[in-house]
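Here are my notes on the model you sent round. Have the coordinates open while you read, since the points jump between two ligand sites and one stretch of sheet.

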Amino acid sequence: MRIVVPIKAVPDLVEEIELTSDETDIDREFLKFVVSEWDAQALEEALLVKDACGAEVVAVGLASDPDIDQALYTAIAKGADAAVRLTGGAADSVLTSDRAALLAGYLATEPADLVITGVQASDDLDGQLPPMLAAYLRQPHVSVVVGVVATADGVTVRQEFAGGRVHELAVRLPAVVGIQAARQAPRYAPITRIRQAMQAGGVREVAAEPAPAGQAPAVRRMYRPEQTSHAQMLTGSADDVAEAIAGLLRDRGLVKG
Amino acid sequence: MTRNVLVLAEHDGKQIAESTYELIGAARGLAAAMGGQAEVALLGPRDLAGQLGGADVVVSVEHQALAQYLPQACELALLAVLAQRSPRLVLMSSATPGLDLGAAISVHWQAPLAPNVAAIEVAGDTIVATAQILGGKILAELELPGERAVATVTGGAFPAAAGRGEGPPEVVEIAPPAGLDDLAMSLAAVSEPQGGDVDITTAELLVSVGRGIESQDNVELVQELGDVLGVPLSASRPVVDAGWLPKSRQVGKSGLKVKPKAYLAFGISGAPEHLEGMRDAELIIACNTDATAPIFDIAHYGTTVDLFDLVPALTEKLSQ
Ligand SMILES: Cc1cc2nc3c(=O)[nH]c(=O)nc-3n(C[C@H](O)[C@H](O)[C@H](O)COP(=O)(O)OP(=O)(O)OC[C@H]3O[C@@H](n4cnc5c(N)ncnc54)[C@H](O)[C@@H]3O)c2cc1C
Ligand SMILES: Nc1ncnc2c1ncn2[C@@H]1O[C@H](COP(=O)(O)O)[C@@H](O)[C@H]1O
């Protein structure tokens, strides 16, 4: 079984996000980028399928994503069999529709039995990748998945609903799966192994012909949430703040004394 | 093309989800502004239509593959509904059905999609949706021009009361599309979440911990605070996914909704999916070293003091 795992670099949310001067996009220039946390979960789940039944796992990134090589080599260090850096089309677009179209073009030439990718990315503006990619590929899809197990005639996936209810679905391949969480926390790749992968140079660059992309909304403006209801900030030393919080709880009769 | 707004009903085969009423309320307002009506696509048991009195019309597709949510079946049935009803706008909740179907419907029905929508309005011939992006740190105002559009809406964005209504609505039946008899997937089993050792939904006070805690060992630190207060620990999703606390402690969209008298959040950023589960707490006190964390937009009190300094200090204060 060939499993393709598309991964995306997204802004690290720990950083303060600035907007461009026309306020229709975020300013990417000084941002730190990290692999989307749900794509990291997707890679882990793909590797778990490989561990269980010997699948071939291929990580795929878009060449224009910041620091994507580092992410691809990390995927190899974790156990991916190969990695692909995609060029072509609107490869520098942040829109899911353009990214899905390029990935669909790639998958038309190097098909996968199973695509496993993150349920969403924090910067999705026009929809989530798994259902959109599946639509371009005309394949079935299941998203918000918390487990994938290979079976004799396909995969069994666990799809999660509000409150933690889970549906177990039997799915024929090919198919696209969107991962909410892997069955275990993503494995760790030692830095020495990432360096080894980089020295071996296993990332292959592929130029893909994008499928025709669908429609996307137009951004009018971006802004920070109104700060009108902002919290009253408690300042001072940890001790001062602890005293203030203890007071708030005591006032409401939530602690003794 | 009509000027109607169509809501995808979410259900578990027996009960219509709360989020559906929120969407029907929104649909009524938007449809009124456009001069159309609020319709609901009910894919599954037709007798659930009785719970949808808030809609002008319920469009019903019944088939055994639709008894409970099944992605491919729902997608084909919804496309059949859209082909017949031609709404101006489709609303889905950005829970599992919306995350799973929204973007595929956008491709097959050839309509732009706005995800994670927190507000939506009609401006002339254009629909303008406000999407929460980057974990709620930024809002993006998106224009959905043209003849048709799809929006997936964040839970809690609209009041559910406005979507409830008395009496049975008009029901329009649509024949199930042929594809439903030949699907690439089937539902094998349904499992309900395991009850936990404690019920966080009944606690008056919750001490909640997020990814800022960094490791399982550090959870112990917050546990000491919980012990002193005599309350259970709750958590954001990543803490549960990492296996540091059981699923029964998860607050949020895919966890539990809580409404304690006070909610203490340590190292939680306040992503929309988390806020969905705790925004109705009477008092929210948040500790986060990032002054721009969205949790501060809904917290009553906040502090940027490091949790590793604050938690021990608070534990000490409260054990005196
Ligand atoms: C379909 C779906 C369902 C979801 N359901 C849920 C759900 O039910 N519940 C849920 O919580 N999430 C849910 N999520 C995930 C959600 O999108 C966020 O990823 C998650 O809520 C983030 O958790 P967090 O705030 O703990 O982590 P992060 O967003 O990583 O935030 C950690 C915070 O800790 C702060 N911090 C770091 N160190 C310190 C320190 N020393 N002291 C103080 N602060 C510190 C950081 O500034 C940061 O803001 C869902 C996502 C999807 C796609
Ligand atoms: N979700 C879907 N899954 C499989 N086939 C589809 C889906 N949506 C549309 N089709 C089929 O694809 C063909 C073209 O659809 P469209 O591009 O949406 O006009 C038609 O034969 C549809 O029945």
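The points below take the two ligands in turn, then a strand and a helix of chain B.

1. A caveat to begin with: this is a predicted model. Please read every distance and area below in that light.

2. Start with ligand 1. It has 31 residues around it, and the closest are B:Ser236, B:Val251, B:Ser254, B:Ser269 and B:Asn288. Those five come from chain B, but the site is shared between chains, because residues from both A and B surround the ligand.

3. Which helices supply at least two residues each to the shell around ligand 1? From chain A there is α1 (37-53), and from chain B there are α5 (237-241), α6 (272-278) and α8 (307-319). Sorted by class, the shell holds 14 polar, 10 nonpolar and 7 charged residues.

4. Some polar distances at ligand 1 to check on your screen. B:Ser236 places a polar side-chain atom 2.5 Å from an oxygen atom of the ligand. For B:Glu273, a side-chain N or O atom is 2.8 Å from an oxygen atom of ligand 1, while the side chain of B:Asp306 has an N or O atom 2.9 Å from a nitrogen atom of the ligand. As for cover, ligand 1 on its own has 990 Å² of accessible area, and the protein covers 91% of that.

5. Now ligand 2. Its surrounding residues are A:Arg138, B:Glu75, B:Leu76, B:Leu79 and B:His108. This site too is shared between chains, because chains A and B both contribute residues around the ligand. Helix α2 of chain B (residues 71-85) gives the most to this shell, with 3 residues. By class, the shell splits into 2 nonpolar, 1 polar and 2 charged residues.

6. Where does ligand 2 meet polar atoms of the protein? A nitrogen atom of the ligand sits 2.3 Å from a side-chain N or O atom of B:Glu75. On the chain A side, a polar side-chain atom of A:Arg138 is 2.8 Å from an oxygen atom of ligand 2. B:His108 takes part through its backbone, with an N or O atom 2.9 Å from an oxygen atom of the ligand. The protein covers 46% of the 480 Å² that ligand 2 has on its own.

7. Away from the ligands, have a look at β2 of chain B (residues 38-43). Are its residues buried or exposed? The strand is mostly covered, with 6 of its 6 residues buried. In a regular strand, side chains alternate between the two faces of the sheet. Here B:Ala38, B:Val40 and B:Leu42 point one way and B:Glu39, B:Ala41 and B:Leu43 the other, all of them buried.

8. The neighbours of β2(B) come next. Strand β1(B) (residues 5-8) runs parallel to it, joined by 4 bridges, and B:Leu6 has B:Glu39 as its bridge partner. The link from β1(B) to β2(B) goes through helix α1(B) (residues 18-34), a β-α-β crossover that is right-handed. Strand β3(B) (residues 57-61) also pairs with β2(B) in the parallel sense, over 5 bridges. There B:Glu39 stands opposite B:Val57.

9. Last, a residue in the crossover helix. B:Glu18 lies in α1 of chain B. With a relative accessible area of 43%, B:Glu18 counts as partly exposed. From B:Glu18 to B:His63 is 45 residues in sequence and 23 Å in space, C-alpha to C-alpha.

Key: Residues numbered from 1 in each chain as written. Chains lettered and ligands numbered in written order. Predicted model: local features only at pLDDT ≥ 70, side-chain atom pairs only at ≥ 80, totals over all residues. Heavy atoms only, no water. Near = heavy atom within 4 Å. Polar contact = N/O pair within 3.5 Å; in protein donor to acceptor, adjacent residues only side chain to side chain. Areas by Shrake-Rupley, 256 points an atom, 1.4 Å probe, with all protein chains shown as cover. Nonpolar A, V, L, I, M, F, W, Y, C, P; charged D, E, K, R; others polar. Buried < 20%, exposed > 50% of the residue type's maximum accessible area, 1.4 Å probe, protein only. Pairing = 2+ DSSP bridges. Right-handed = clockwise from strand over helix to strand, strands pointing away.
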